[in-house]
Protein chains: 2
Amino acid sequence: MKLTSKGRYAVMALVDLARFDNINPVSLRDISLRQGISLDYLEQIFSKLRKKEIVQSIRGTQGGYILKRKAKEIKLTNIFDAVDEKVKTVQCKKESKKGCNGKSTKCLTHNLWDELENHINNFFEEKSLEDLVKDNSERRI
Amino acid sequence: MKLTSKGRYAVMALVDLARFDNINPVSLRDISLRQGISLDYLEQIFSKLRKKEIVQSIRGTQGGYILKRKAKEIKLTNIFDAVDEKVKTVQCKKESKKGCNGKSTKCLTHNLWDELENHINNFFEEKSLEDLVKDNSERRI
DNA sequence: TATAAACCTGAGTAAAATAGTCAAGTATAT
DNA sequence: ATATACTTGACTATTTTACTCAGGTTTATA
């Protein structure tokens with residue numbers, strides 16, 4: 001089990017964005033330079049974040065991105081969801097009748113994966129972008 | 001982020017094994033049939049489980065595998081560790097001086113990933129094979 | 001109004017990881 | 001003897017990841 005770069009980059013970029021957001025739109029170029037993430041890749045990521053209404057774009061010179069919601073209201077779960085980084089523990093969810101692995105009953109560990117998913121999602125649902133920004137500025141003092 | 005088949009299969013197979021363990025060694029062939037997992041793949045997985053002393057092998061006819069430790073003492077974390085399924089959130093851990101992404105400071109989200117890792121590992125450390133077996137037999141009644 | 005900064009989009013692709021298969025063994029109960 | 005079952009290592013197709021590339025469109029400002 002691992003976290004992919006896309007998810008990590010999304011969070012890093014948003015924390016960066018959230019710190020400068022109050023003043024002006026933040027360009028991806030700046031984020032790219034500050035965080036060391038490829039500009040092209042950032043564009044892909046922000047395209048998804050925009051579609052899920054986490055950020056808003058402002059085109060043209062001096063343009064960039066701003067947060068569409070308050071940092072407090074953007075949870076990690078929203079971010080991961082936007083970039084398709086989901087906690088996917090097991091394939092056997094929708095097919096409630098068929099069960100797992102083509103067997104007629106639920107697999108022996110079915111409930112376990114459900115529990116695990118909940119456990120991880122809890123963490124993601126509690127943590128907001130604001131928490132991360134605060135956490136960071138505190139450590140700077 | 002996702003769990004791989006190897007980790008899921010390992011847990012499924014061990015739950016299966018733990019349920020029959022008291023009587024006789026359990027052959028991989030039986031597990032393969034019951035759980036619908038390829039025999040060859042199971043062999044790879046059990047080779048790792050054996051090296052980490054989670055199971056013990058008994059060769060020859062009527063052979064198979066038995067648990068090397070009590071089900072209560074086998075935690076999910078041991079299983080995932082054995083099959084190289086680790087919670088890997090971020091690359092920037094060892095290089096304590098260099099920081100992340102080649103920058104001179106820790107990346108903005110460094111602490112977050114640490115926290116997440118701990119959160120997930122807590123779950124894995126608390127859950128034992130015995131819990132899973134019990135959970136399963138209870139639901140059968 | 002020209003131009004450059006910045007967003008926007010889709011296609012393509014190299015490298016890595018995953019999920020196995022295959023082949024050729026060795027050990028042992030019966 | 002022999003069949004059952006563990007043991008090992010190499011191999012491979014597929015999928016996923018982590019990007020790059022090539023072309024746009026929009027708009028502030030000089």
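This section describes the pairing of the two protein chains, the hairpin of chain A and the surfaces near the two DNA strands in a predicted model.

Chain A has an average pLDDT of 87, and 87% of its residues score at least 70. Over residues 93-98 of chain A, however, pLDDT stays under 50, and the model has five contacts beyond four places in sequence for this segment. Where pLDDT is low, the predicted coordinates should not be read in detail.

The two chains are related by a turn of 180° with a shift of 0.0 Å along the axis, an operation that lays chain B on chain A with an RMSD of 0.1 Å. This is the relation of a two-fold axis. The same surface serves both copies, in that 100% of the contact residues of chain B recur in chain A.

Within chain A, strand β1 (residues 55-58) and strand β2 (residues 64-67) pair in the antiparallel sense over four bridges, and A:I58 has A:G64 of β2(A) as its bridge partner. Five residues separate β1(A) and β2(A) in the resulting hairpin, and A:G60 in the turn has a positive phi of about 85°.

DNA strand C is surrounded by 26 residues, of which A:R50, A:S57, A:Y65, B:S38 and B:Q44 are the closest. Of the atoms of DNA strand C that lie within 4 Å of the protein, 61% belong to sugar or phosphate, while the rest belong to bases. The phosphate side is illustrated by A:R50, with a polar side-chain atom 2.7 Å from a phosphate oxygen of DNA strand C. Bases are also contacted, since a polar side-chain atom of B:Q44 lies 2.6 Å from a base oxygen of DNA strand C, and a side-chain N or O atom of B:T61 lies 3.4 Å from a base nitrogen of that strand. At least two residues each of the surface near DNA strand C come from α3, β1 and β2 of chain A and from α1 (5-20) and α3 of chain B. By residue class, this surface comprises six nonpolar, 13 polar and seven charged residues.

Around DNA strand D there are 27 residues, with A:S38, A:Q44, B:E43, B:R50 and B:Y65 coming nearest; sugar and phosphate make up 64% of the atoms of DNA strand D within 4 Å of the protein. A polar side-chain atom of B:Y65 is placed 2.6 Å from a phosphate oxygen of DNA strand D, and a polar backbone atom of B:L28 is 3.3 Å from a phosphate oxygen of this strand. The side chain of B:R59, by contrast, has an N or O atom 3.4 Å from a base oxygen of DNA strand D. The surface near DNA strand D divides into six nonpolar, 14 polar and seven charged residues.

Technical notes: Residues numbered from 1 in each chain as written. Chains lettered and ligands numbered in written order. Predicted model: local features only at pLDDT ≥ 70, side-chain atom pairs only at ≥ 80, totals over all residues. Heavy atoms only, no water. Near = heavy atom within 4 Å. Polar contact = N/O pair within 3.5 Å; in protein donor to acceptor, adjacent residues only side chain to side chain. Nonpolar A, V, L, I, M, F, W, Y, C, P; charged D, E, K, R; others polar. Pairing = 2+ DSSP bridges. pLDDT = per-residue confidence, 0-100. Contact = heavy atoms within 4.5 Å. Least-squares fit on C-alpha atoms with pLDDT ≥ 70 in both.
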